[in-house]
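Welcome to this short tour. Keep your viewer open, and make each selection as we reach it.

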Amino acid sequence: MKKYFIFFIIIPFLLAGCSSNNPAIIASDDYGWVLIWEDNFNSENYDMWEKANHTFAKNLARFNPENAIIDDGILRLKLTGEPQASRDYSGAEYRSRENYSFGRYETRMKVAKGDGIITAFFTYEDDQNGLNEIDVEFRGNNTNEIHFNNWTSIKDENSEIIKLNFDASEAFHDYIIEWQPGHIKWYVDGEMLYETKKDIPQGDQRVIMNIWISDDKSKTGLLNEDELPTEAKFDYVKFYTK
Ligand SMILES: [Ca+2]
């Protein structure tokens with residue numbers, strides 16, 4: 001009798017242990033994505049992308065198209081000490097010509113290190129009421145922290161800062177924004193790190209990658225010109241829907 005008792009106690013635990021070796025039970029959001037386009041940056045694709053030449057209020061640099069370079073399968077966005085029109089420094093921005101909607105936006109990137117320096121992968125569009133945006137952003141004064149932000153034209157920035165177990169300036173890592181009508185999820189190297197259901201943009205947006213210098217010294221630190229030139233690198237961008 002004792003033997004049978006042990007059998008019935010142990011077998012359910014063994015079966016439970018086995019089930020963890022089966023294919024993972026995947027949450028509904030994690031499958032069904034269909035790749036719509038990808039750019040691996042093996043060549044310039046001006047039908048799809050443009051190189052920005054503007055700046056904005058809190059940016060101490062101005063984007064210079066010459067600082068966005070496709071080189072050996074990598075998009076290199078350079079930040080230099082060369083004056084550019086109204087600014088003392090030159091950054092770079094690569095932006096899609098088209099707007100896209102709900103979907104999964106994925107990149108593999110290596111960000112820039114240095115006080116004041118921002119590297120970002122994001123979706124963005126101005127509508128008549130203001131800006132709509134979903135960000136993956138790094139401040140170069142702490143590249144062990146990732147910033148997930150989202151705005152709509154009727155609600156200011158929602159921000160979440162998460163500590164990573166690596167320095168994003170030392171190697172390439174995978175970053176994903178999953179944007180759906182009711183939520184946004186952010187993934188790093190396949191792991192979901194944050195989800196929000198607040199203030200989800202609803203209109204189509206461009207896909208943008210850039211490098212620039214923040215004037216907000218209290219948050220990003222003061223630029224050290226000895227850190228220049230520097231650059232952020234992008235291996236690919238992919239867009240999926242379902
Ligand atoms: Ca590539």
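Begin with the largest nonpolar core: select Leu 77, Leu 79, Val 136, Ile 177 and Ile 211, which touch the most other members among its 44 residues. A nonpolar core here is a set of buried Ala, Val, Leu, Ile, Met, Phe, Trp, Tyr and Cys residues joined through C-beta atoms within 7 Å. Now add strand β8 (residues 117-127), because the largest share of this core, six residues, comes from there, strands being DSSP runs (E, at least two residues) and helices likewise (H or I, at least four), both numbered from the N terminus.

A word about what you are looking at. This is a predicted model, in which local features need pLDDT of at least 70 and side-chain atom pairs count only at pLDDT 80 or more, while totals for chains, interfaces and linings use all residues. Residues are numbered from 1 along each chain as its sequence is written.

Zoom out for a moment. The protein has two helices and 16 strands. Of its 242 residues, 33% count as buried; that label needs 20 or more other C-beta atoms within 10 Å of the residue's own, whereas exposed means 12 or fewer and partly exposed is in between, with C-beta atoms placed from the backbone.

Next, select Ile 211 again. Which residues does Ile 211 contact, leaving aside its neighbours within four places in sequence? Among them are Leu 77, Leu 79, Gly 91, Ala 92 and Glu 231. Contact means that the C-beta atoms, placed from the backbone, lie within 7 Å.

From Ile 211, step across to Ala 92, which stands opposite in strand β6. Strand β6 covers residues 89-96, and seven of its eight residues are buried, so the strand is largely enclosed by the rest of the structure. Look at its partners (two strands pair if DSSP finds at least two bridges between them):

- β15 (residues 206-213) runs antiparallel to β6, with four bridges.
- β2 (residues 49-51) is also antiparallel to β6, with three bridges; find Trp 49 facing Ser 96.
- β3 (residues 61-63) runs parallel to β6, again with three bridges; find Ala 61 opposite Tyr 89.

Last stop: strand β7 (residues 103-110). Is β7 mostly covered or mostly open? Mostly covered, with seven of its eight residues buried. Seven antiparallel bridges join β7 to β12 (residues 173-180), where Tyr 105 pairs with Ile 177. Seven more antiparallel bridges link β7 to β16 (residues 230-241), and there Lys 110 has Lys 233 as its bridge partner.

Technical notes: Contact = placed C-beta atoms within 7 Å.
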